[in-house]
Amino acid sequence: MEIIAIFPPYIYSVKYDDRNENEYDRLFDEWNDVTTVLDFLMQHRDMLKASVWIKVSEPELAARQILDEAEALEHLFEELNSHTVKGDKPDFDSHFHYLDGKYKFELEYEPMKSYGGGRPSLLRMYAIKMDRNTYLITGGGIKLGATIQDSPDLKDHVIQNIDSVRAWLKENGIMDADDMKDN
């Protein structure tokens, strides 16, 4: 596992040993690949019938929203970086939200989530908060269900990735943003 700087000193991403790309780049590459997105949505088209997805109930409509959300989220990260550098709001802390569930009371290596811009959003990016305005991206995907466990693109890796990254950070004595810069 490696830590890759995306928008240093604020946004970093994990590169898992079995992957060619870090998670930040991998997610945007996948979310911007029309064929990959449409294939996934066709495979899970029955989930788009839930009332929450009424505006994007067909795979083609959902794919368009995902492509739009990915583009907007990528631009938002650039804008948030600019604001954070200047000390302006909104900054990265304004964007990320606590991940509830089993992590509700965690005070160290706090798991966080980022939403795409759609209403409701189909995209999620997950991270660990390392310091004020400093996050380590651990993964993400397309969220079709009410929970991570109900979403086929998330259920098999999001919680496992967060847990493995948290354990790796502890094992390697990486406690805050300064420690990440040294890796």
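This is a short walk through three helices, three strands and one buried serine in the structure above. Keep in mind that the model is predicted.

I'll start with the helices. Two packed helices are described by the angle between their axes and the distance between the axes. For helix 1, residues 23–31, and helix 3, residues 59–86, the axes come within 9 Å and the crossing is at roughly 145 degrees. On the helix 1 side, the contact is made by Y24, F28 and W31. Helix 3 answers with I66, L67, A70, L73, E74 and F77. Sorted by class, that contact has eight nonpolar residues, one charged residue and no polar ones.

Next is helix 2, residues 34–43. Which of its residues are buried? They are V37, F40 and L41. Looking down the axis of helix 2, the buried residues fall within an arc of 95 degrees, so they line one face of the helix. What do they pack against? The partners are helix 1, helix 3 and strand 6, which is 134–142. T35 and Q43, on the other side of helix 2, are exposed. T35 also figures at the start of this helix: a side-chain oxygen of D33 reaches to within 3.0 Å of the T35 backbone nitrogen.

Now the strands. Strand 5 covers residues 123–131, and eight of its nine residues are buried, so the strand is largely enclosed by the rest of the structure. Strand 4, residues 110–115, runs antiparallel to strand 5 and is joined to it by six bridges. In that pairing, P111 has I128 of strand 5 as its bridge partner. Strand 5 also pairs with strand 6, again in the antiparallel sense, over eight bridges. There, R124 stands opposite G141 of strand 6. The hairpin of strand 5 and strand 6 has two residues between the strands, and N133 takes a positive phi near 60 degrees.

Last, one residue in strand 4: S114. Is S114 buried or exposed? With a relative accessible area of 0%, under the 20% cut-off, S114 is buried. The S114 side chain makes a polar contact with the side chain of H95, at 2.5 Å. Leaving out residues up to four places away in sequence, S114 touches L73, F77, H95, F96, L123, R124 and M125. Some of these names have come up already: L73 and F77 are among the helix 3 residues that meet helix 1, and R124 is the residue opposite G141.

That is the end of the walk-through.

Notes: Residues are numbered from 1 along each chain as its sequence is written. This is a predicted model: local features need pLDDT of at least 70, side-chain atom pairs count only at pLDDT 80 or more; totals for chains, interfaces and linings use all residues. Side-chain values use heavy atoms; hydrogens and water are left out. Axes are lines fitted to C-alpha atoms, for helices over the stretch in contact, and angles run from 0 to 180 degrees between N-to-C directions. Helices (H or I, at least four residues) and strands (E, at least two) are DSSP runs, numbered from the N terminus. Contact means heavy atoms within 4.5 Å. Ala, Val, Leu, Ile, Met, Phe, Trp, Tyr, Cys and Pro count as nonpolar, Asp, Glu, Lys and Arg as charged, and the others, Gly among them, as polar. Buried means under 20% relative accessible area, exposed over 50%, partly exposed in between (1.4 Å probe, protein chains only). The arc is that of the directions from the helix axis to the C-beta atoms. A polar contact is a pair of N or O atoms within 3.5 Å; within protein, one must be able to donate a hydrogen and the other to accept it, and residues adjacent in sequence count only if both atoms are side-chain atoms. Two strands pair if DSSP finds at least two bridges between them.
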